[in-house]
Every structure is written in C-alpha cells, then in structure tokens.
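Visitor: Please show me the model, and let me question the terms as we go.

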Amino acid sequence: MKNIPEVSLLKFIKHSLEILKNPLPFHNRNFQLKGDIFKLNVGFNTKIHFCRDAAFAQYVLQKNQKNYVKSKIQTVDLVKYVGEGLLTSEGAKWKVQRKMMQPAFHKKQLQNLLSGMQETIISEFDNIEVGKTIDVFPILNDLAFQTVVKSLFTQAANSKDMDRLQFITEANQRMLVKELRQPYLAWWFKIGGALNKHLKLSEEARYILKGIVAERKLSGKRYDDLLDMLLETRYDDGKGMSEAQLIDEILIIFTAGHETTSNALTFTFQLLAKHPEWQDKIYQEWQALGGDTADLMTRVASSKVCQQVLEESMRLYPPAYFIDRVNVEADSFNDMEFEAGSNLLFSVYEIHRHPKLWENAIDFMPERFADGGRQFSAQYFPFGAGPRKCIGNNFAMFEMIIAITELLKKYKIEPKIDAIEITPLITLKPKNAFLKFVKR
C-alpha cells in the first residue's frame, strides 16, 4: 500500500495568515511537492486529504458515491445558517427532497422563467456606465440576486426585504469562511458574540421569507414561478413540504443560486475583455440565431459558442472550487487506504488546471469545448458530478447565456487590469474586476 504524503500542523500554522487570505497558492505548492493527494494536519487529531486526482474524484462522486457523504462543512457548519435543504441534507432525506424538487428545475419548467430572467437582466444592465472604468462584480452580483428573486417570487418581494436578504446571505458567508479557516478561534467566535450575531441574522432572513410565503398563500394568485412550483410539489404520500423545509430550500436557492452565477459571469466578462475575438463570435452567433426576433428558449438552447466560452471560463475559474466528502466505510483507491471517516477535499480548481489533463492548461481556449465537452466528463466538474450534481445547473446556464448575449449585443468590453484576481471564500469570488464598456 502507498503512503500518502503529509503536511505538518506546524507548516499549516506557519502559513495560517496566508491561508486565511487565499489558500490556493499554499495548496498548489503542496501538490507540486507531494503529488496529487496529500494529508494536511489542521489540528492535533484532524487531517484533511487534499486531492487533485480526477479519477479519484470520479470514483468518489460517481462510481462509489454510496459510500461517501458530505463533510461537516456542509452538513453542520453551513446548516446552522441555511438549514437542512437539498444542498446540506444527506441520506434518505436528501433522496426524497431531490426527487420532489427535480421537476421544478426541468428545462421545460425553466422555460416559463426565461422572459422574466431576460427582463431582470436588461433592467440591471441599465446600471452600467458606458465609457467609464467600473468594477463589474457589484452589478453582476445584484443581477444574479435579482434574477433569483424574480424567478422565485415574481413581484411578491419588496426591495427593502431583498436588500436585507442579500446582506444577510453575504455576511453569513464571510462568517463561515472565518470559522473554516480559523478553527482554532471557535471558542472566541462563541464567547465574543460573533457567532450568535450571525445566527440571529439567519433567523431574520427566515422571518422575511415566511412573510413572503404567507402572502403568496393568502393571495390565491398563480405566477408560475419557482415559489409556485415548490408550493405545489408533493411527496409520494401526497403531502407538500412543511413551512420550515420550504424556507430551508429557499435559503439555499438564494445562497447557491446567486453567488456562483455572479462569480462565473464576472470571470467570463473579464476573460472576454482579454479575448475580444470571442466577443465578436458570440455577437455573430446571436445575429445568426435571429437576434431579438428569435424564440428565446430556442436561441438560448442553440447558443453553442456562448456555451463554449462559459464552459472554458468555469474550467479556469470554477465558482464551486472545492468538493468535500467523507467515506462511511473504509475504502481504497490506487493502492491508497482511507480509513472510515476520512475527510476528503477535492480541488476542482487544481483538477481543471492540471497539466496532465488539459492541453495548454492555463490558456483560455473555448474551442476545446466545441463538441459539448463530452471528452472531458471524467475531469470537468463545474457543477459537481454524480447524483449530487447541482440541481440548478440548467437554470444557471440559461441565465448566464442570456446575460452575456444581452450585454454583447449592445457593448464591447475592454480590460482595465491585466491580471484576473481572485478571492477564494466559500465560492471562488473575483477581485478588482475593473472593465470598460463601449457601445457596439
């Protein structure tokens, strides 16, 4: 059996400030030194296996997925902020919820939401100041949040409540990052009151959402939005979701639904700014598909060039840049033994840039996805893989294709900073995304 190389607790503590700001260079150095799997000691009795072995990721997420569950990060740490919904639940509960909610995210159902998505996106792009250097991330963050809001609630939510929900979602994420990267300060977060403050924010978010749901039920109106679909879904016994479960699912749609999309769109616009030839290709495709006269669903489904650009952008900058799992029973892979309860952290960021897996791994080459990326299915995980692949992947792709085409039909994008900078939090966030938009 092979020994798995280790990184000492001392080295972890020595680099703790660097890790707090951005752990990716630290992990990359360890991968370069130790190989595609190493153990990091993060406490006296706590070890995490960091992996960038795509075959092992596929084994864990797909081939032997029944032996693997999500780690404490999602099933405990995140649960206290967003509840036990589809993203954070496990076992029988997850199976029941997934089966129940899957129809709401089917392409045919999402078709009802596309025109609302388009209206929201066009409205948010009115905030772009033409000819000036601007940080595009706040605009795209608001766009993604408002798109989720309108897709969930149509007109039911007032702007004050939505601003508050957006603030709570982002504040709680920052708190969770501190907890995960500074586990040795857990006692201080409790005693100092920071943890309690953020748990109260979660309760406030629940209160706001309960009010919106109650108002919808009383109104008796149908909007064919996600809230209607979630209210109408039924378990096998004919019963609908409890109010608490419904609020958990909505909180997770907010958290997972806007954050990853705004990140992916920002990175995509930055990459397009650096590669204007792909802006022109997307614009020409939009024209060839009939532009604004075409049926929206048909055009979105046929925007192959735009999809290639998005796929390559999410390869280089995957919003969900780590996937965590814990094995229920002892397991082995490639002559390596993993005792039951081993913490595994797969670096999607590293897998997507692995020089042995990708030709010109750090270059922006959307043409590599010309056939839809089928040849990369065993090494490409922007939405995860296996039964727990993100339920909202079609929603996100439709939204991003509409956003990119709506922007590029009006503007050309120019870069203002050479380097694309990142801030790895729970998701991979952009930093200093300064761009200039000029009329086409």
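**Terms put to the test**

Guide: Start with one pair: in E9, Arg-325 has Leu-344 as its bridge partner. The model is predicted, and residues are numbered from 1 along each chain as its sequence is written. Local features need pLDDT of at least 70, side-chain atom pairs need 80 or more, totals for chains, interfaces and linings use all residues, and side-chain values use heavy atoms without hydrogens or water.

Visitor: What makes E6 and E9 a pair?

Guide: Pairing takes at least two bridges found by DSSP between two strands. Strand E6 (residues 322-327) and E9 have five, in the antiparallel sense. They therefore qualify as a pair. Strand E3 (residues 47-51) also pairs with E9, in the parallel sense, over four bridges. There, Cys-51 stands opposite Phe-346 in E9. Strands here are DSSP E runs of at least two residues, and helices are H or I runs of at least four, numbered from the N terminus.

Visitor: Why is E9 called largely enclosed?

Guide: Buried means under 20% relative accessible area (exposed is over 50%, partly exposed in between; 1.4 Å probe, protein chains only). Four of the five residues in strand E9 (residues 343-347) are buried, so the rest of the structure largely encloses this strand.

Visitor: How do you know that Glu-311 has no salt bridge?

Guide: A salt bridge puts a side-chain nitrogen of Lys or Arg within 4 Å of a carboxyl oxygen of Asp or Glu. Lys and Arg count as positive, Asp and Glu as negative; His and chain ends are not counted. For Glu-311, the nearest side chain of opposite charge is Lys-389, 8.1 Å away. Therefore the cut-off is not met. Glu-311 is buried all the same, in helix H17 (residues 304-316). Beyond four places in sequence, Glu-311 is in contact (heavy atoms within 4.5 Å) with Phe-369 and Tyr-380.

Visitor: What makes a set of residues a nonpolar core?

Guide: Its members are buried Ala, Val, Leu, Ile, Met, Phe, Trp, Tyr or Cys, joined through side-chain atoms within 4.5 Å. The largest core has 101 residues, and Phe-153, Ile-250 and Phe-254 touch the most other members. Helix H14 (residues 243-274) gives the largest share, 14 residues. Another core, of 20 residues, lies apart and includes Leu-61 and Phe-333.

Visitor: Why is the protein chain called as compact as a globular protein of its length?

Guide: The globule rule is 2.2 Å times the number of residues to the power 0.38, and the radius of gyration is taken over C-alpha atoms. The rule gives 22 Å for 440 residues and the radius of gyration is 22 Å, so the chain is as compact as a globular protein of that length.
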